[in-house]
Structures are given as C-alpha cells and as structure tokens.
Amino acid sequence: RTFSAAWTALDWPNAKKQANLVRSWGIKQLLEIWNKAKGKEADAMLWGDEVEYLVVSYSEQDPKVLLSLKQADILEALEHDKGLSEKANGQNGSSPQTSQPPPVFHPEFGRFMLEATPGKPWGIEFKELLEVEPNMKLRRRIAKEHMLPNEYPITLTTFPRLGSPGVFTDPSYPVSGPKLRSQFVPDEIANPHIRFPTLAANIRSRRGRKVQVNVPVFRDEKTPWPWRDPTVNYDLHQWPEDDDVRNGAAPDNFIHMDAMAFGMGSCCLQITFQAKNLTEGRQMYDQLSPLGPILLALTAATPIYKGFLADTDVRWNQISNAVDDRTPEELGEKPLVNDRWRIPKSRYASNSTYISEDARLRPEYLDPDLVIDEDIKQQLLDGGMDDRLATHFAHLFIRDPIVIFSEDLKELDLSKTDHFENIQSTNWQHMRFKPPPADNSIGWRVEFRSMEVQITDFENAAFAVFIVLITRVILSYNLNFYIPITKVDENMQTAHARDAVLTRRFYFRRNLFPTTRAARSSASGASTPSTAASRPPTPTGPVENEYRLMSINEIINGTAYAKATAAVAATAANRGDDPSSQTDAVDKDEEDEFPGLIPLVESYLDSVNVDVDTRCRLATYLDLIRKRASGELWTAARWIRQFVARHPEYQKDSVVGDKITKDLVAAVIRVGELEARGEAFRDVPEVEGFLRELR
Ligand code: ADP
Ligand code: MG
Ligand code: MG
Ligand code: MG
Ligand code: MG
Ligand code: MG
C-alpha cells in the first residue's frame, strides 16, 4: 500500500494506546475476507519471486566502495521511464507470444536497497520456468540503467562494512540520529518514508532499549582472544540508550550492532505461490515449512558484519534480533507485571504453527508452548473460522502493531485489510500465509521466505525454480514432510553454523510417502496424484521414530549419492583454512535409505511432459543445487571467506578492511557483467570453487 507523506505516524506511547483497537479491527477485516474467500476454488497455479539488491557506489579509482543512498532517485527514474515496457519485451529472451509487463521495483527498509519482482506472476507451464532467469537479468539491467554510471545493483546479502567506523555511505551522514540512536549508522540509512524510521523508533521504544544484534566473531589465527569489538564506543552520552553498551549489550567475542538496519538491511530471495484453494494453500504452508532451514543453509551467503568475519554463515538471526521488540517482561528477564505473556521468539523468526487440517498432522508436531491470544481466537471461532487457523492468527495477533497512522483510526473500513495487514506484515516468519486481498481478486497464497539472495541470477533462478518444482512434487505425490515444529526451529539455528551445509545434520522426516498401500503405489506410479480417497489413517507410534538427523547432501541428493560423495564433502568442509572445523555430517551406515529431493524432482519430471530443451535447462539448475549440497560447489559464504582469507591485506585477525571490501565488490560486479554477457564462468579466477564448474 502507499502512504501519504502528510500522514501522522503515532509515536510509541500513543501507538500502544491504540493497539487493541487496531487488533480488533484487524480481526474483523480478517473475518470479512475469510467469509468472502474461504470457498474460493480453482485459482490458477501462479507464483512469483522477489529479488532484493544493495546499491553500491564503485569506481576503480576510489579507494573505497560505498553504499549508495539513492533509492528514491532510482525509483523515481524508473517510474518516469516511459520506455520500460519496450525494454521488458525487447531482447530479454521471453517468448514473443507472452508479452511481459515491465518488472516492478519496490522500496525496501534500507535506503541503499531495491527490490524487483516480475511484471506479472509466473504460470504453471514448465517453459515459463526458463523465463525466470532472463527476467531476473532484465530486472538487474533495467535497475542499472536507472542509476549513475558508478552505481551498481548487487546481490550480496549484506554490505561488508555497513556500520564500520568512517565513511561507508554516499552521501555520508553523522551517526546517532534521534530515530535509531545507533552508534554505528545514521538515521539516513533507512528509507526516509515516515513508516520506516517510525518502525525502528517504536521497536526501540517498546523494548525500552536499542535492539541488540550480536554475532559471534570468527576466531582466526591472529584474532585477539577474548575479542572485544573495537568499534564500540563506551563513552557516548547523547541518548539514554547510549547506556546500553555500559550495561553489557556488547559481550566479548561478539560483533555488536544496535540498529534495525543491520538486519532489515539484508537482501533475500522470496517465492510466493498461489494455491488453487484454501485447503491446498494450508497444505503447501505446512509441507514447505520444514524445508525453510535446509534452503537457508544451502543459500548461505552472509559471513561478514560491520567489517569483521562472523562465525555464522547466514543472515536470519541477525534480522530476528534487529526487529525484536519484546520487553524485558516478555523476554522473561523481569516478572510479568504490565505485559501479558512471556514470548519465546522475536516477531521475525521461524514459524511456530502448522495450519493444515491434514489428518497426517499429529498433535505432537505442534508447539506445546505456543502463545496465543485466547480472546482473539474466540472471536475468530465465533466468526466461523476453524480451530487450527484461528490458532495461527491468534498467535500472530499476540504482537502489537508498531506503526499506526492516526488517519486510519477514524472508522473501521471492511472493504480494506489495512489493520489486519498491519499485524500480519510485521510478523516476519519463514513462511507466510497470505489471504486474498480485500477485493478477493486473487487467491490464497503461501510465501517461502528463508532463502538468502545469491550473487548471480543463475543461482537465484535455480533456487526459485527448485522450490517451484519441489512444490509440484509435494502436491503431485501428496508428500509428507511433517516433523515437530520445534525441530524446525532447531534446524533454523543449526543452519547458522559456518558451513552448516557440509558440517551439520538436520532433523528430517524418514518417509515422505503416504503410508497406505494404495497411496504408496500411486506415488511410485509417479503420474497419479493421490486424492482424498487415499487419505491415510491417522498415524500412531512414537513421533521420534518418524524423523532422524540427516546431512543436507542426504536430504537433497539421497543416501546413495551422499555416500558416494561423502569424501568430497568432508574435504570441502575442512579445506585448508580451519583445522578446528568439526563435522557431524557423516551419514551413518545403519540408517535407512532416503530418496533425496532432487531424485524425487527428477522422477516427477520423468512422469510429466517436458520437452528435451526445457528438461536440459532445468537440469543445469538442479545440478547447481546437487553440487552445493554435496560440497562439489561452494556457498557464497564459503567463497567470500576464501576471498578474504587469500587477500594480501588480510591479517588473519578477522578484520575485513576497506581494500578487501572494495576488491570483493569489484569481483561481484565483474561476475555480474560476465553473466549479463552470457559468458561462462569457467576460467574466471574470481569464481573459483563457487561457480566455475558451471555452464
Ligand atoms: P510482499 O513483499 O508482500 O511479499 P510483493 O508484491 O513484493 O509482496 O511480491 C509478491 C510476489 O508474489 C511477486 O513475485 C508477485 O509476482 C507474486 N504474485 C503476485 N500475484 C500473485 C498471485 N496471484 N499468485 C502468486 N504470486 C503472485
Ligand atoms: Mg516484496
Ligand atoms: Mg515486503
Ligand atoms: Mg522485500
Ligand atoms: Mg515478500
Ligand atoms: Mg559455507
């Protein structure tokens, strides 16, 4: 939605007073759309991706690469470009019969960020999967054309020196503005639209202190130990929040960050699916949930924060902490007096609910400690919603609305969903269940949100296409990925470890297939989707027997392939730099066979009509994912670590300085230029280990 610049965003004390009103109107709007849309049938199988970019200011002559704060100018230039539609239908590789509207560019939290989506969602045809990569390249090219010659859209998840001492933005501003009150980043780092600074300020205000984003530092040979973040200033006295670091906000051995921008300034790759109806949407939400952490580890791309190597590979927990608005009471640090609940997770976290009425969803899979608002649940039940979905929304609605515009509070408008969306869209979970909009013009959608953005569009397309294919396999074979939701949480934490893709094991369901004989034979017969008639009886037996620890190699490629490539993975995991690195990812011989997701995708593709050319090109995407899971190819996180480790300026002290950052960004820009020209990555020294073996 768009916001008028003249609107008044309430500060926290005033917003808090209106929280109950916003929640109650939000629930009424939800019930309105629920009753309108619950019977919607036969919506088309559509999907769409979102790619986020950092904008950097780079030139060979300048000693530093900087973040460019030109979001507004770039978006304005895009908006006023009358030729966009021709560009979208020019030489971008899209088939001439499907005219594609121009890509859509969106603002994001960081004033150095952009987001781009396709002009319209993708359809069900396999051929359309091949349009994704050219379309992503088109978006990148169009974005670049609306920037200054020295500005580039790049898809690193984070800018390595965001928040480092000295100048890191173009233009530069002094730190410690009134909204963020950060020691490290100026208020001007955020999109200036009143919504964004208010979001940051009200989160800080609700918490009663600044957000605390502490990432374990990577301990290299010459890293002083214990390590104390040398960029923290203990002597500031401008804001009350300057006391935070004197009160222990910055513990030893952690990189310390104190503002929303350190999390929400990261870039990701999201995929939204439209289901044919409510039931299928709820099934997709549940079945994709356990894949979130696996895909997070596979796309790992975030090894540097604030100029230091981190001991983690992904962005997730940092965003979670960067928008954690919980009070000391909610965090369990003080007895509950003013607040209603202890809340175990940030409002940005892995999801805590399953929502399907699938008979295979055993009560044991649900979170026994789920916090919900009972009154809200009762209102939803009274309004005709079933228990499970009412529980889901009553869980999301334990949160306060953070940004409230007083103009929205005049009267309840049931032809809108603004109050519902206020709560829904600030529950940043790794899956999002998206009801239709107020006009009911589109269907029930499910968003897969855990993936890190990849450096090249080849990779971004590969991961998008992989998730689409997995979703088709899930629906065609009626696969069952259920494990207890708390195990999904554990997996999410596991995914943070350095090289988790190679060195860790994740809880995963042993048998994905429906358990009745009829259902099993229909699944292995490949082409017959199972139907409600083959719905298996409710399973029994200990839940713990249904899942086990597996390496990502085993999950993605299957037991046989994982065994065959175990040596590769072990070597890759220990390659040179880090003799201390442990691996528990050895797949044990006595365990039962697991087929692997890629072999399942392949048998699905065998069973449907895909032309040879399409199949070959899909194979290049599957190959990337297969090899990344086995360690034959590196994650971006590993590649970046290697790049830093080998840089002549690197002192083995975990510090990623300006020159290293500049050269890293230069390499990323060069990779992007090679990709735009369609050149192979072979023989390109910049991509050693990472993409070189491809295409
Ligand atoms: P948000 O930021 O709230 O997730 P965006 O509009 O940025 O939403 O992105 C939503 C994605 O969903 C885009 O890729 C868009 O193409 C896609 N999309 C839009 N309409 C549909 C639909 N009916 N079904 C599936 N995907 C859709
Ligand atoms: Mg978006
Ligand atoms: Mg968004
Ligand atoms: Mg976004
Ligand atoms: Mg999204
Ligand atoms: Mg790695």
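Colleague: Hi! Is C616 buried or exposed?
Modeller: C616 is partly exposed, because its relative accessibility is 46%. Buried means under 20% relative accessible area, exposed over 50%, and partly exposed in between (1.4 Å probe, protein chains only). This is a predicted model, where local features need pLDDT of at least 70, side-chain atom pairs count only at pLDDT 80 or more, and totals for chains, interfaces and linings use all residues. Residues are numbered from 1 along each chain as its sequence is written, chains are lettered from A and ligands numbered from 1 in the order in which they are written, and side-chain values use heavy atoms, with hydrogens and water left out.

Colleague: Okay, and how many disulfides are there?
Modeller: The count is 0 disulfides, taking a disulfide as a pair of cysteine sulfur atoms within 2.5 Å. For C268, the nearest cysteine sulfur belongs to C267, 7.6 Å away. C268 counts as buried, because its relative accessibility is 8%.

Colleague: Switching to metals, what coordinates the magnesium ion (ligand 4)?
Modeller: E52 (OE), E108 (OE) and E115 (OE) do, at 2.0 to 2.1 Å. Donors are N, O and S atoms within 2.8 Å of the metal (3.2 Å for Na, K and Ca), and water is not among the atoms, so sites may look incomplete.

Colleague: Which parts does the E52 and E115 pair tie together?
Modeller: E52 lies in strand β1 (residues 47–57) and E115 in strand β4 (residues 113–117), so the pair links parts 63 residues apart in sequence. Strands (E, at least two residues) are DSSP runs, numbered from the N terminus.

Colleague: Are those two buried or exposed?
Modeller: E52 is buried at 5% relative accessibility, and E115 is buried at 7%.

Technical notes. Helix = DSSP H or I, 4+ residues; strand = E, 2+ residues; numbered from the N terminus.
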